[in-house]
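User: I have a model open and want to learn how to read its helices and its core. Can we go through it feature by feature?

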Amino acid sequence: MTEAIRLLDIRGSALSSDEVLAAIADPAAGGTALFIGTVRNHDHDRPVDELTYEAHPEALKHLRDVAERICADPAVIALAAVHRTGPLEIGDAAVIVGVAAAHRELAFAACRRLIDDLKAEVPIWKHQHFTDGASEWVGTC
């Protein structure tokens with residue numbers, strides 16, 4: 001199961017969908033699903049002008065736990081997940097996850113579980129600043 005985990009990282013540098021796709025490429029895969037979460041310019045109908053992600057020192061361990069659970073499904077051939085930390089600009093990729101499986105429906109389902117579980121369980125927090133001067137922390141799981 002852990003051999004299906006091809007790439008896991010939490011980093012302060014820019015993320016690449018090409019890196020994730022290359023990591024999960026496999027000749028046995030008939031379907032590959034990729035999700036890219038990007039920084040948007042608004043939240044709760046309020047304009048956002050600045051955003052920073054911070055991760056707990058053990059966040060990567062939690063990410064590995066999530067990945068191992070997803071890979072326990074024998075249909076998952078390959079998995080990758082990377083999350084960004086530090087200051088990000090509008091339009092930047094904040095998270096990229098990908099899953100390869102024998103068939104598309106299995107890849108879609110596993111990719112959805114991966115991003116949903118990552119967001120719910122991995123201690124990474126978003127601090128967003130609104131143009132009106134207010135700010136809030138989001139994702140304090």
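User: On the other side of H3 from its buried residues, which residues are exposed?

Analyst: Start with the terms. Buried means under 20% relative accessible area, exposed over 50%, and partly exposed in between, with a 1.4 Å probe and protein chains only. Helices (H or I, at least four residues) and strands (E, at least two) are DSSP runs, numbered from the N terminus. Here, Phe-108 and Arg-112 are the exposed residues on that side of H3. This is a predicted model: local features need pLDDT of at least 70, side-chain atom pairs count only at pLDDT 80 or more, and totals for chains, interfaces and linings use all residues. Residues are numbered from 1 along each chain as its sequence is written, and side-chain values use heavy atoms, with hydrogens and water left out.

User: Which residues of H3 are buried?

Analyst: An α-helix has 3.6 residues a turn, so residues three or four places apart point the same way. In H3, the buried residues are Ala-107, Ala-110, Cys-111, Leu-114, Ile-115, Asp-117 and Leu-118. They cover an arc of only 170 degrees around the axis, which puts them on the same side of H3. The arc is that of the directions from the helix axis to the C-beta atoms.

User: What do the buried residues of H3 pack against?

Analyst: Contact means heavy atoms within 4.5 Å. The partners are E2, H2, E5 and E7.

User: Which residues touch the most other members of the largest nonpolar core?

Analyst: A nonpolar core is a set of buried Ala, Val, Leu, Ile, Met, Phe, Trp, Tyr and Cys residues joined through side-chain atoms within 4.5 Å. The largest has 31 residues, and Leu-79, Val-97 and Leu-114 touch the most other members. At least two residues of this core come from each of E1, E4 (46-55), H2 (59-71), E5, E7 and H3 (104-121). Another core, of twelve residues, lies apart from it; Leu-15, Ala-23, Ile-24 and Ile-96 are among them.

User: Which residues of H1 are buried?

Analyst: H1 covers residues 17-24, and Val-20, Ala-23 and Ile-24 are buried there. Their arc is only 85 degrees around the axis, which puts them on the same side of H1. The face turned away carries exposed Asp-18 and Ala-22. Strands E1 (5-11), E2 (31-38), E5 (76-84) and E7 (93-101) are included in what covers the buried residues of H1.

User: Is Arg-11 buried or exposed?

Analyst: Arg-11 sits in strand E1. Arg-11 is buried, with a relative accessible area of 15%. Its side chain joins that of Glu-19 in a polar contact of 2.8 Å. A polar contact is a pair of N or O atoms within 3.5 Å; within protein, one must be able to donate a hydrogen and the other to accept it, and residues adjacent in sequence count only if both atoms are side-chain atoms.
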